[in-house]
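Let us sit down with one structure and learn, feature by feature, how such a picture can be read.

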Amino acid sequence: MPEISEQQQNHQRLQQVNKALGSGMFVHVRKLLQNMPAYDIALILESSHPKSRAVLWQLIDVDNHGEVLEELNEEVRKGILKTIRPEKLAEVAEGMDVDDLAEVLRTLPDSVYQEVLSAMDSQDRGRVEAALSFEEDTAGGIMNTDTITIRPDVTVDVVLRYLRLRGDLPEATDSFYVVDDNNHFIGAVSLAAIITAKPEIIISTLINKDIEAIQAHLSDSDVAQIFEKFDWFSAPVIDDKGRLLGRITIDDVIDIIREDAEHSMMSMAGLDDEADTFAPVLKSTQQRSIWLGVNLITALLAVAVSSMFEGVLSQLAILAILNSLVPSMGGVAGNQTLTLVIRAIALGHVGDSNARILLQKELAVGFLNGIIWAVLIAGVVAIWQQNLMLGGVIAFAMLMNLTAAGVAGVAIPLFLKRMNIDPALAGSVILTTITDVVGIFAFLGTATLLLT
């Protein structure tokens with residue numbers, strides 16, 4: 001039998017839960033949810049109608065509430081959190097990692113957020129407040145404070161006895177961090193080194209001082225690139241004075257990579273990457289109307305340019321038919337370059353030192369593409385309309401617009417990045433405006449000069 005994909009399995013689980021829920025078989029739904037990992041339960045909640053989510057949440061085992069909250073996207077999580085009393089949320093928070101709990105608390109209103117903190121014990125409250133003191137998209141904001149530290153002057157035997165006394169290790173522990181009496185980070189000792197070393201060995205002889213600690217203010221995207229560069233499983237986080245604050249593990253980095261990918265994809269359409277697929281109609285309409293309005297304004301600009309050549313359009317109907325061809329080709333070519341450059345910026349491949357080289361390269365690509373497609377479309381139009389001059393007009397416009405598209409595809413994201421504006425969010429709208437205006441003006445302007 002062919003294997004069932006993960007997507008098909010998720011669909012089957014969703015069907016089973018919805019069918020049982022619709023039949024009022026709540027006990028059966030509870031049993032189904034008990035046998036699912038938190039990620040799958042979160043997926044079912046995100047795939048359900050908002051009215052069904054409240055019922056499903058009540059059927060989830062209370063012990064799993066924290067893990068499920070960690071997996072939910074922000075919009076769905078907000079809806080769930082509205083149904084939970086602060087004192088109950090404090091109980092749920094006991095089993096959550098500090099970084100995940102901090103992310104959850106950031107989505108709460110200030111009054112509720114303070115009530116939850118007040119209901120927590122002093123130790124947990126201190127850890128959460130430490131994480132909340134950093135921006136959400138920084139190393140300090142995503143770090144976990146649950147770390148094991150050791151002194152450089154103790155023996156392996158002492159460390160092993162401490163670990164046996166402790167009984168368990170924080171999740172994803174592959175190294176222990178060595179600190180001095182003032183908690184300054186010295187280096188790391190791998191778990192493998194501790195296990196295989198002789199008991200009388202001093203920890204200072206096992207320290208790997210090549211491990212680079214991550215500054216707490218570093219952006220989460222930069223953290224992900226560092227993990228990719230060094231193939232790390234975990235990494236220590238320090239403050240400006242070199243004191244150990246916590247650690248970041250690979251599961252946090254995977255979340256960052258996934259969120260960045262979702263952000264880029266959704267931003268291209270002018271949508272929030274945390275958008276709820278099953279959000280209420282009015283809310284979804286409001287979210288989408290903003291960029292539809294921006295697009296309308298830019299489209300009106302293109303229409304205004306076309307209206308400048310109303311006379312020539314009324315004389316030669318063929319121009320009205322061909323008028324959309326040049327802007328369309330420019331838009332496709334420009335978006336190819338735009339996507340490439342946005343990806344390069346995200347990966348750190350493009351900066352001030354090589355921006356001019358990239359601009360020259362894309363200018364050449366746009367010009368060469370312009371020549372190729374200008375010759376092709378000119379031949380088609382000249383044969384179709386038996387008019388060499390018309391073919392020349394559209395060829396010139398195509399060359400100009402594809403060249404402009406190449407330049408704009410590089411210049412726009414670089415400019416937006418310098419202005420601290422997300423290129424993925426605003427770049428496509430600006431590019432479309434430029435290729436539409438340049439394409440229409442080049443085509444109809446040249447036609448006005450040569451054909452009338």
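**Reading strands, spaces and charged pairs**

In this predicted model, Ala235 stands opposite Ile248 in strand E6.

Q: How should I read two strands that stand opposite each other, and in which sense do E5 and E6 pair?

A: The general idea is that strands of a sheet pair through backbone hydrogen bonds, either parallel or antiparallel. Here strand E5 and strand E6, the latter made of residues 244–249, pair in the antiparallel sense over five bridges. The two strands form a hairpin with five residues between them, and in that turn Gly242 has a positive phi of about 80 degrees.

Q: Which strand pairs with E5 in the parallel sense?

A: That partner is strand E4, residues 214–215, which is joined to E5 over two bridges. One residue pair to look for is Gln215 with its bridge partner Ile238 in E5.

Q: Is E5 largely enclosed or left open by the rest of the structure?

A: To answer, we ask how much of each residue a probe can still reach, and a residue counts as buried when its relative accessible area is under 20%. In strand E5, residues 234–238, five of the five residues are buried, so the strand is largely enclosed by the rest of the structure. Ser234, Pro236 and Ile238 point one way from E5, whereas Ala235 and Val237 point the other way, and all of them are buried.

Q: Can we apply that reading to a helix, and how many of the residues of H8 are buried?

A: Helix H8, which spans residues 98–106, is mostly covered, since seven of its nine residues are buried. The buried residues in H8 are Val98, Asp99, Asp100, Leu101, Ala102, Val104 and Leu105, so you can see by name that Asp residues as well as Leu, Val and Ala fall under the 20% cut-off.

Q: What is the order of the strands in the open sheet of three strands?

A: The order is E1-E2-E3, and the pairing within this open sheet is mixed. Strand E1 (149–150) and strand E3 (185–190) stand at the edges, each with a single partner strand, so one side of each is left without a neighbour in the sheet. E1 and strand E2, residues 175–179, run parallel and are joined by two bridges. Within this pairing, Thr149 has Tyr177 of E2 as its bridge partner.

Q: How does one look for empty space inside a protein, and how many cavities of 30 Å³ or more are counted here?

A: Rolling a probe the size of a water molecule over the atoms shows where empty space is left. In this model the count comes to one cavity of 30 Å³ or more, and about 40 Å³ of space lies in the largest cavity.

Q: Which residues line the largest cavity?

A: The lining is made by Asp146, Thr147, Ile148, Pro170, Thr173, Ser175, Phe176, Tyr177 and Arg247. Strand E2 gives the largest share of this lining, with three residues. Sorted by character, the lining residues divide into four nonpolar, three polar and two charged. Tyr177 thus appears in two parts of our reading, as the bridge partner of Thr149 and in the lining of the largest cavity.

Q: How do I read a salt bridge, and how many are there?

A: The general idea is to look for a side-chain nitrogen of Lys or Arg within 4 Å of a carboxyl oxygen of Asp or Glu, and by this rule the model has eight salt bridges. One of them joins the side chains of Arg161 and Asp157, at 3.2 Å from N to O. These two residues are four residues apart in helix H12 (residues 156–166), and are therefore separated by about one helical turn. Both are partly exposed, Arg161 with a relative accessible area of 45% and Asp157 with 29%.

Q: What parts of the chain does the salt bridge between Asp352 and Arg418 tie together?

A: The closest N and O atoms of Asp352 and Arg418 are 2.9 Å apart. Asp352 lies in the loop between helix H19 (325–346) and helix H20 (355–385), while Arg418 is in helix H21 (residues 388–418), so the pair ties together parts that are 66 residues apart in sequence. Asp352 is exposed, with a relative accessible area of 67%, and Arg418 is exposed as well, at 61%.

Key. Residues numbered from 1 in each chain as written. Predicted model: local features only at pLDDT ≥ 70, side-chain atom pairs only at ≥ 80, totals over all residues. Heavy atoms only, no water. Pairing = 2+ DSSP bridges. 1 Å grid on protein atoms, 1.4 Å probe; cavity = no way out; pocket = protein on both sides within 12 Å on 5 of 7 lines; lining within 4 Å. Points joined across faces, edges and corners; volume = space filled by probe spheres on them. Nonpolar A, V, L, I, M, F, W, Y, C, P; charged D, E, K, R; others polar. Buried < 20%, exposed > 50% of the residue type's maximum accessible area, 1.4 Å probe, protein only.
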